[in-house]
Amino acid sequence: MKPLFIVFEGTDGSGKGTQISLLSKRLEANGARIFVTAEPTQFATGGLVRDTLGGMTKRTPAELATLFLADRAVHCSNPVVGIKKLLDSGVTVICDRYYYSSFAYQGMDTSLKWVMDSNLNCPDILKPDLCIYLDVDPKVCDQRIQSGRASREIYEKLESLERIRQKYLEVFKLLPDHNIKILDASGTPEEISTAVYEAVKSLDK
Ligand code: TYD
């Protein structure tokens, strides 16, 4: 299998972490080299984003969207662990959130068109081979967040989860040239993992 760039999307609490770990184990067992990464990143740009998500630093929605854009450009282009570098060296990259998150989250609070154009036309930002959207009832996500965390980030309230899910589904319709797989992720982790694996295998046909 050629190295792939696969991204996972979903509302907070949709189980991306579990599915990413199951997929990477499965692909590794088949001999693939895998690198798992996430946005916001661990680079300095990711730190700026997290200060705002945690409520420490207030920023306008457009400022936040710009920081996510910068973080993504760094993520793709870093000469050592950047996504481009990894793909060029034969490694499959699995990323927890990518520009579809900016479209759904920042697209609610500032110009969606500007957020989409700036990301999709940025020469440093790669187009994924596959986007897997884990679709789970926001109420289930809310319960998972409730049981797993002491405090909530700005997007983790139930009303926000419902709005974000709607926005994701609206945005996906605007991207017919993207390979987006919306998976019903209300089953067991194993059932979902099998559906995820099928979607990835279909890229090889
Ligand atoms: P984090 O707790 O780091 O990860 P996750 O919830 O995915 O396990 O939170 C990331 C938050 O950042 C999440 O609420 C979505 C938000 N986000 C955006 O608003 N725009 C973006 O472009 C990205 C990548 C994330």
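Here are some numbered notes on the ligand site, the pockets and two backbone details of this structure.

1. First, a reminder about what you are looking at: this is a predicted model. Keep that in mind as you click through the points below.

2. Start with the ligand. It has 15 residues around it, and the closest are Asp12, Lys16, Arg97, Ser102 and Gln106. Try finding those five on the screen before you read on.

3. Now zoom in on the polar contacts. Which distance separates the side chain of Asp12 from an oxygen atom of the ligand? An N or O atom of that side chain is 2.7 Å away from the oxygen. Lys16 also has a polar side-chain atom close to the ligand, 2.8 Å from one of its oxygen atoms. Arg72 joins in too, with a side-chain N or O atom 2.9 Å from a ligand oxygen. As for how covered the ligand is, it has 550 Å² of accessible area on its own, and the protein covers 86% of that.

4. Where does the ligand sit? You'll find it in the largest pocket. Two elements give two or more residues to the shell around it: helix 3 (61-77) and helix 5 (99-109). Helix 5 is the top contributor to this shell, with four residues. Sorted by class, the shell has seven charged residues, five nonpolar ones and three polar ones.

5. Next, look at the largest pocket itself, which holds about 520 Å³ of space. It is lined by 25 residues, and those closest to its centre are Asp12, Lys16, Glu39, Arg97 and Glu153. Asp12, Lys16 and Arg97 should ring a bell, as they are also among the residues closest to the ligand. Helix 1 (16-29), helix 2 (44-53), helix 3 and helix 5 each put at least two residues into the lining. Helix 5 again gives the most here, with four residues. The lining splits into 11 charged, eight polar and six nonpolar residues.

6. Don't skip the second largest pocket, with its space of about 250 Å³. It has 16 lining residues, and the ones nearest its centre are Arg59, Leu64, Asp109, Ile154 and Tyr155. At least two residues each come from helix 3, helix 5 and helix 8 (158-173). Which helix gives the most to the lining of this second largest pocket? Helix 5 does, with four residues. By class, this lining has six nonpolar, six polar and four charged residues.

7. Now for the backbone. Most residues other than glycine have a negative phi, and most peptide bonds are trans. With that in mind, check the peptide bond from Glu39 to Pro40: it is cis, with omega near -5 degrees. Pro40 belongs to the loop between strand 2 (34-38) and helix 2. Glu39 is worth a second look, being one of the residues closest to the centre of the largest pocket.

8. The other backbone detail is at Arg97. What is its phi? The value is near 80 degrees, which is positive even though this residue is not glycine. Arg97 is in the loop between strand 3 (92-96) and helix 5. Arg97 is also one of the residues closest to the ligand, so find it once and you can tick off both points.

Notes
Residues numbered from 1 in each chain as written. Predicted model: local features only at pLDDT ≥ 70, side-chain atom pairs only at ≥ 80, totals over all residues. Heavy atoms only, no water. Near = heavy atom within 4 Å. Polar contact = N/O pair within 3.5 Å; in protein donor to acceptor, adjacent residues only side chain to side chain. Areas by Shrake-Rupley, 256 points an atom, 1.4 Å probe, with all protein chains shown as cover. 1 Å grid on protein atoms, 1.4 Å probe; cavity = no way out; pocket = protein on both sides within 12 Å on 5 of 7 lines; lining within 4 Å. Sits in = over half its atoms within 2 Å of the grid points. Nonpolar A, V, L, I, M, F, W, Y, C, P; charged D, E, K, R; others polar. Points joined across faces, edges and corners; volume = space filled by probe spheres on them.
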